[in-house]
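Trainee: I should like to learn how to read the features of a structural model, beginning with its aromatic residues. Would you guide me through them?

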Amino acid sequence: MQSTFVMVQMKSVEDPMENLAKAAKYASEAKEKFQADLLLFPEVFMSMFPSKTPVLESNKAAEPLDGPFVTGMRKLAKDNDVWVVFGMKEKTEEDDGRAYNTCLVVDNHGEIISKYHKTHMYDAFGYKESNGFKPGDRLFAPIDTPFGKLGLFVCYEVRFPEVARYEATHGADIILMPTSWVKGDLKTFQFRTLVTARAIENTVFVLACNQCGGATTGESVAVDPMGVAIAAAGETDALVPVFIDTDRIAQVRKKLPSFGDRRMELYEDGIGMSVTCTKPVDGCRLEESEDNK
């Protein structure tokens, strides 16, 4: 199955409507130039404040899912006949000033197909994301699409191999990673290494679309199931087309059956699932364990 995804690497500003206008421009361009099937935007690209801004102050831009930003993104998807996946700040029902770090999947008819609240907070490298964001309580459930089964996680979660494994064992062919990867010592090296590792160990496609400018690195990358970087960006705004053929997954698993060769009886899977392997090319069949029913 062949499809064209376009990663929209961009620098967001504080004003959601300014970012929406920029997204609409890029969506039209991606459709015209690449006949895009799906657009992937960065983490919380709805609104980004300078790095020194108090998190709770920046959360004043947070909106509900029926707010003007999401409404505008849904219209953008429908007008361009394209799926969109994007990050936003979603209001919670609590009054502590925190928001959800949310990613939405919207189809080409403008309908919200799925949403995900980032579960693993970036409380590292001297930063405390949990001060401003409330973590979600469940991982993303991969969804069927015309392009294959999509999995998703956000930024810091690439450091947790269990998260990507959850997506793959639940059938994901393509894992999307909206991110806002912050600059720092060895961070560029770690970004590319981690994204590549998650693709190789699960023999799936992984697409990491990053913010750029300010404190973030840009350098979005798409990696195929064999760990080959099939598309990449520099440090500035860019439309990055990714041409995906999901038949590549079966081809790789025939040569490299490590995903199907896992011996689950020897180690805890950590996801409450038992996995019965069939043919390595076909991957694995999931069966819910008794203690998770």
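**Reading rings, strands and loops**

Mentor: Let us begin with burial. F45 has a relative accessibility of 0%, so it counts as buried. Please keep in mind that this is a predicted model.

Trainee: F69 is also an aromatic residue to examine; is it buried or exposed?

Mentor: F69 is buried, because its relative accessibility is 0%.

Trainee: How many aromatic pairs does the structure hold, and how should the geometry of one be read?

Mentor: The structure holds twelve aromatic pairs. To read a pair, one takes the distance between ring centres and the angle between ring planes, where an angle over 60 degrees counts as edge-to-face. F45 and F69 form such an edge-to-face pair, with 5.5 Å from centre to centre and 65° between the planes. F45 belongs to the loop between β2 (38-40) and α2 (55-58), and F69 to helix α3 (residues 68-80), so their pair ties together parts that are 24 residues apart in sequence.

Trainee: Which geometry do the rings of Y116 and F140 adopt?

Mentor: The planes of Y116 and F140 stand at 85° with the centres 6.2 Å apart, so this pair is edge-to-face. Y116 is in strand β5 and F140 in the loop between β5 and β6, so here too the pair ties together parts 24 residues apart in sequence. Y116 is buried at 2% relative accessibility, and F140 is buried at 3%.

Trainee: Which residues do ring pairs link into a cluster?

Mentor: The cluster consists of Y122, F125, Y127, Y156 and F160. One of its members, F125, also has a charged neighbour: K187 lies over the face of the ring, 4.8 Å from its centre. A further case of a charge over a ring is R262, whose charged end sits 4.2 Å from the centre of the F259 ring.

Trainee: Let us turn to the strands. In what sense do β3 and β4 pair, and over how many bridges?

Mentor: One reads the direction of the two strands and then counts the bridges. β3 and β4 are antiparallel and pair over eight bridges; within this pairing, K91 has A99 of β4 as its bridge partner. On to β5: β4 and β5 run antiparallel and are joined by five bridges, and V106 is partnered by I112 in β5. These two strands form a hairpin with five residues between them, and G110 in the turn has a positive phi of about 85°.

Trainee: Why is β4 described as largely enclosed by the rest of the structure?

Mentor: The description applies because eight of the eight residues of β4 are buried.

Trainee: How should a residue in a loop be read, for example T92?

Mentor: Begin with its place, then its burial, then its contacts. T92 is in the loop between β3 (83-91) and β4 (99-106), and it counts as buried because its relative accessibility is 15%, the cut-off being under 20%. A polar atom of the T92 side chain lies 3.3 Å from the backbone nitrogen of E94, and one lies 3.4 Å from the backbone oxygen of R98. Beyond four places in sequence, T92 contacts R98, A99 and Y100.

Trainee: Which residues does M121 touch, not counting those up to four places away in sequence?

Mentor: M121 touches E129, S130, F133, P135 and Y156 on that count. Y156 is also a member of the ring cluster. M121 itself is in the loop between β5 (112-117) and β6 (143-145), and it counts as buried because its relative accessibility is 11%.

Conventions: Residues are numbered from 1 along each chain as its sequence is written. This is a predicted model: local features need pLDDT of at least 70, side-chain atom pairs count only at pLDDT 80 or more; totals for chains, interfaces and linings use all residues. Side-chain values use heavy atoms; hydrogens and water are left out. Helices (H or I, at least four residues) and strands (E, at least two) are DSSP runs, numbered from the N terminus. Buried means under 20% relative accessible area, exposed over 50%, partly exposed in between (1.4 Å probe, protein chains only). Contact means heavy atoms within 4.5 Å. A polar contact is a pair of N or O atoms within 3.5 Å; within protein, one must be able to donate a hydrogen and the other to accept it, and residues adjacent in sequence count only if both atoms are side-chain atoms. Two strands pair if DSSP finds at least two bridges between them. Rings of Phe, Tyr and Trp (its six-membered ring) pair if their centres lie within 6.5 Å; planes under 30 degrees apart count as stacked, over 60 as edge-to-face and the rest as tilted. A charge sits over a ring if NZ of Lys or CZ of Arg is within 6 Å of the ring centre and within 35 degrees of the ring normal.
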